[in-house]
Protein chains: 2
Amino acid sequence: MSRPRPLSGFPEWRPAEQGVEQAVLDSLRHTFELHGFAPLRTRAVEPLDVLLGKGATDKEIYLLRRLQEEPDVDQVEVSDGLGLHPDLTVPLARYVRQHAGTLAFPYRRYQIQSVWRGERPQEGRYREFVQADIDVVGDGTLAFHHEVEVALVAAEALTRLPIPPIRMRVNNRKAAEGFYAGLGLADAGAVLRVMDKLDKIGADAVRSALRDTAGATDEQADACLRFAGIAAAPGEGMGTLAEQVAALGVEHPLLAEGLNDLARVVDAAQAAVPGALVPDLSIARGLDYYTGTVFEAYLVGHESIGSICSGGRYDELARDGDRVFPGVGVSVGVTRLVGALLARGLIHTTREVPAAVLVAVAAESERGRCTAVAQALRRRGIAVEVSPTSAKFGKQIRYADRRGIPYVWFPGDPDEVKDIRSGDQQQADAQRWQPPAHDRAPRLVAATDDKEHS
Amino acid sequence: MSRPRPLSGFPEWRPAEQGVEQAVLDSLRHTFELHGFAPLRTRAVEPLDVLLGKGATDKEIYLLRRLQEEPDVDQVEVSDGLGLHPDLTVPLARYVRQHAGTLAFPYRRYQIQSVWRGERPQEGRYREFVQADIDVVGDGTLAFHHEVEVALVAAEALTRLPIPPIRMRVNNRKAAEGFYAGLGLADAGAVLRVMDKLDKIGADAVRSALRDTAGATDEQADACLRFAGIAAAPGEGMGTLAEQVAALGVEHPLLAEGLNDLARVVDAAQAAVPGALVPDLSIARGLDYYTGTVFEAYLVGHESIGSICSGGRYDELARDGDRVFPGVGVSVGVTRLVGALLARGLIHTTREVPAAVLVAVAAESERGRCTAVAQALRRRGIAVEVSPTSAKFGKQIRYADRRGIPYVWFPGDPDEVKDIRSGDQQQADAQRWQPPAHDRAPRLVAATDDKEHS
C-alpha cells in the first residue's frame, strides 16, 4: 500500500494543527452554553424524503450503500434510501417534529457536527466539514428579541476567538419584501432570486431579468438596484440608512417594520460588540429562504475566505400539520474558518499536547514512583505525562520541549520542577504545586502578534 | 410528510437524554487529557483500499455515492471508492503513515468520533455509534509499560463515571501462544481462531475443530480447553493463576513471558483501581489480532450489555516499507454504554440545560436591563438564560423548573435571586454572586441511588 495522501474535499489537520480546531470548538461551545443553549447530537444519516424535503433540494447529497449489498441499482429505492446530512438544519427540523411532544419550547440547542455534501470532485469544494450551529425554535410563535439574541451570541462567540476582527452584514427580509411591494412588484420571491445574482451577473443583466421574470418596469428595476446599494459604514450603527431608503420615495408598512427590526438588531449590537454589525441592504443571500433578520459574517481583511458564519429567521423551520415551528439560528463554518486561519498561519496553540508537566524517569525501577507523582498532580486537575523512557535527562527535556510541555518534574528528595522555557528550577510538592493559570491547558494564540487568547 | 420515526441501527437520544452523552464524553476526554493524550479528528471517509486493508476486512462498510451521480454501477471503481470508517483504528493507522515524518513518537492521541458499519438492517445492530479511543503509537519499538498505562487509563476513565462498577478481564496473547507452542501446536493463530468460538459452539465442537484445523491430538485439545478455563477471582489479583497453569505441565519461554506481563498489568491495577482488573485466560477475542496484553470491560451486574470497552497491544498497527509502528490502545463503546444506561434508567444529568440562572423579565421594556444582568453573570463564567417572555413571575419560575434551572434572578433595587428548589430568596449583586460549585454546570448522576458524580 502506498503512502496515504490527502483526499480532495475532505480536509484534515496536521498533527501540530489538531489542537486548534478542538480549541476553537471548545470556545464556541463555551459561549453557546453561557447563553443557555443545550447540546444536541443527531445521527449523521437521514432518510431521503427528509433530505429532499423543503429547503434542502439544492444540496448535493451523499447516499449510503452497503459494500456487501448486491450491486443492483434498481433495488436502491429512493424512498428507502439513506444519505448523510448536508447541514445541521435538516436534522434539527426533523428532530423537532419527531420530539415535539416532549421538547420544552422555545427550544434552544447548539449542535457541533460534521456535515457532508456530494460536490463534484473537480470543484475542489469541501465535501466534509464541521459546522457549529445554534437555533432557538418556537412552537407557533417566536419573539423577535431572539433574532437580536442569536446575532449577538454569534458575534460574541466569534469575537471571543483570537482571530482577525469580524464584520457581520445584516439585512431583513421584510424590508426588501416591503420595498418591492411598495414599488408595486407583487412577487417578492422572484425579485429576490434575481437580486441574489447581482454580484455574479451585474446590474444590466439583473435589470433585464427583473423585467423578464418579475414583470418589472425599467423604473422599478432601477429602484431595486438603488435599494440594494444602500449600506451603512462600519461603526456608525444605522447611520443614514433609513434616510437613504426614504429618499427612494417608496412607502409600505412591511418596509417600515423591516427597517425598524433591522435597527433594533444593529442598535443592540452597537452596545454589545461595537462596530461588528453593519446594516447592508445588498445582502440578498438566503432572503428567499429566511423571513426576517438575515446576516453573514466575514473576517475583516480576509473577505476572500467568504462568509464564515451566517444565519437568520425562518418562520417555518418545521411544520407538523397545522402546527408550525418558527426558528432563528446561525451556523459557524468551523472548517472553513479554521482551514483559512491555518493556511494563512494566523493561529496556533501554545502547545501541541494537553500535558503541562512531564515527569522525568531517572531509571525504569523508579517508574512506579514517577507514576505516583503524576497521579498526585492529576488528582488536582493538572495534565501530566510520565516520560516514556529513562534516557538521560537532557533527552527527556528535549522530549518535553518538542511537544511544548512547559514543566519537567524530577522526583527526588525533595522533588524539583523546572520551567524549561526559563530554566528556572525549584523544589516542589506534588500535593500542592500548581502551574500558573496560563500554563494549565493549551491556549489559542493569534499568530500575527502573538497576542494571547484570554 | 409523516411524523419522523427512529431509524433502526442509528440511535439518537431524546431531549432529556442528550446531555448525558455529552457529559460522558466530557468526562472521558478529561481523563484522557489528564494523562497527556492529544486530540485527533480524522475525516469520516477513507478510500476503499485503506478500508479493505489488513485488520479491517471483516467489517461491514458503507460506501458513498453522490445522489446526482449517474446511476451506473460500472463506473464505481472499487479503487476510487470512498467509504465511512468502521472504527477509529483504521484512520489512526492511515494518519500515522501519512504524517510519520512530522509526528512526535511515541504519539499519544485520543479520538472521539462516530463510526459506521453497514450491518444488515434486520439484525438490529448499531449502524452508527460513537467511540472514544486512546492509543500510544511507537516508531519501531513501544515499551511494555504503555500496555499497563493504557489499561489503567481506561479503567480510571470508566470508574470516574457514576456508573455501576466495571470489571476488566485481561489476558495476554503471548501466554496463549507460548502455551500452544509448549504443547507442540505450531499454528497459534489457527488454535486461537477455534478457541474464540468456545462460547458459541461449546467444548465438544472446539475439540473436533482443533483436531481438524489445528492438527491437535485429543490430549492437546483437552489441555487447550483446561488452559482457557483458568481465571482468577475478582479482587485477588493474579491469585493462584500461575500455579493453575503450571499444574497443566506445559513449559515455554513465551508462556512464562506472557504470564509475567499479565501479572505486571494486574498488579499495577490492584494498586490503582482495586478489584477492577481480573486475569482471565478465556479471553480469546482479539487475540488473533493483538500481540500482547488484551482486555475487555463489562459493567458488573449488567454483563448482558456486552463489552463496553476493549483494547490491547498490536505490534504492527501500521507499516511503511520496513518502518513498523507498534501500538497499544483502547476503545470505549460510548453509544453502547450510554444507550444501555439510559434504557435501564441508570443515569441522568442534574438538569437538561446548561443555564444555572434564569433572569426574570418583569416587562418587555426591561429586557435590556435583564440582558445586562445576564452578561455580567456570564462574564464570570455563569451560564444564564433570559426569560423568553415577560409573563407572570410564577410562569417564568415554572419555565425554569421545567428545565431544571435552579436559580431565578429578579432585577430590582436591589436585585434578588431565588433558589427555586428551596424557595430561599436573597439580595444579590450580579458582579459578585456565585452559585455553589455543584450547581454551576449539569452533572451526571447515577439514578439508582442519586449518588452524585463528583
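In the predicted model, chain A contains an open sheet of 8 strands with mixed pairing, in the order β1-β5-β6-β11-β10-β9-β7-β8. The edge strands of this sheet are β1 (38–39) and β8 (277–279) of chain A, each of which pairs on one side only. Within the sheet order, β10 and β9 are listed next to one another. Strand β9 (residues 293–299) and strand β10 (residues 309–320) of chain A pair in the antiparallel sense, over 4 bridges. One residue pair that can be located in the structure is A:Phe295, whose bridge partner in β10(A) is A:Gly311. Strands of a sheet pair through backbone hydrogen bonds, in either a parallel or an antiparallel arrangement.

In chain B, strand β6 (residues 128–137) was examined together with its pairing partners. Strand β5 (residues 107–116) of chain B pairs with β6(B) in the antiparallel sense over 10 bridges. In this pairing, B:Val115 stands opposite B:Phe129 of β6(B). Strand β11 (residues 323–333) of chain B also pairs with β6(B) in the antiparallel sense, here over 7 bridges. The bridge partner of B:Ile134 in β11(B) is B:Val330.

Burial was assessed along the length of β6(B). Because 10 of the 10 residues of this strand are buried, β6(B) is largely enclosed by the rest of the structure. In a regular strand the side chains alternate between the two faces of the sheet. In β6(B), B:Glu128, B:Val130, B:Ala132, B:Ile134 and B:Val136 point one way. The other way point B:Phe129, B:Gln131, B:Asp133, B:Asp135 and B:Val137, and the residues of both sets are all buried. The buried residues thus include B:Glu128, B:Asp133 and B:Asp135.

Two cis peptide bonds are described here, one from each chain. In chain A, a cis peptide bond joins A:Asp413 and A:Pro414, with omega about 5°. A:Pro414 is found in the loop between β15 (407–410) and β16 (416–419) of chain A. In chain B, the peptide bond from B:Phe105 to B:Pro106 is cis, and omega is near -10°. B:Pro106 lies in the loop between α3 (89–98) and β5 of chain B, and β5(B) is the strand that pairs with β6(B) over 10 bridges.

The contact between the chains takes 93 residues from chain A and 93 residues from chain B. The size of an interface is often given as the accessible area lost when the parts come together. For chain A and chain B, the buried area is about 8,200 Å², with carbon and sulfur atoms giving 55%. Of the area that chain A buries against chain B, 9% is supplied by A:Glu12, A:Arg41 and A:Arg66, more than by any other three residues.

Between chain A and chain B, 10 salt bridges are counted, along with 36 residue pairs in polar contact, both residues being at pLDDT 80 or more. In one salt bridge, the side chains of A:Asp26 and B:Arg29 meet at 2.6 Å, N to O. Helix α1 (residues 18–34) of chain A gives the most to the side of chain A that touches chain B, contributing 8 residues. The residues on this side of chain A divide into 45 nonpolar, 18 polar and 30 charged.

Strand pairing also links the two chains. Strand β3 (residues 62–66) of chain A pairs with strand β3 (residues 62–66) of chain B in the antiparallel sense over 5 bridges. Here the bridge partner of A:Arg66 in β3(B) is B:Tyr62.

Definitions and conventions
Residues numbered from 1 in each chain as written. Chains lettered and ligands numbered in written order. Predicted model: local features only at pLDDT ≥ 70, side-chain atom pairs only at ≥ 80, totals over all residues. Heavy atoms only, no water. Contact = heavy atoms within 4.5 Å. Buried area = accessible area lost by both parts, 1.4 Å probe. Salt bridge = Lys/Arg side-chain N within 4 Å of Asp/Glu carboxyl O. Polar contact = N/O pair within 3.5 Å; in protein donor to acceptor, adjacent residues only side chain to side chain. Nonpolar A, V, L, I, M, F, W, Y, C, P; charged D, E, K, R; others polar. Pairing = 2+ DSSP bridges. Buried < 20%, exposed > 50% of the residue type's maximum accessible area, 1.4 Å probe, protein only.
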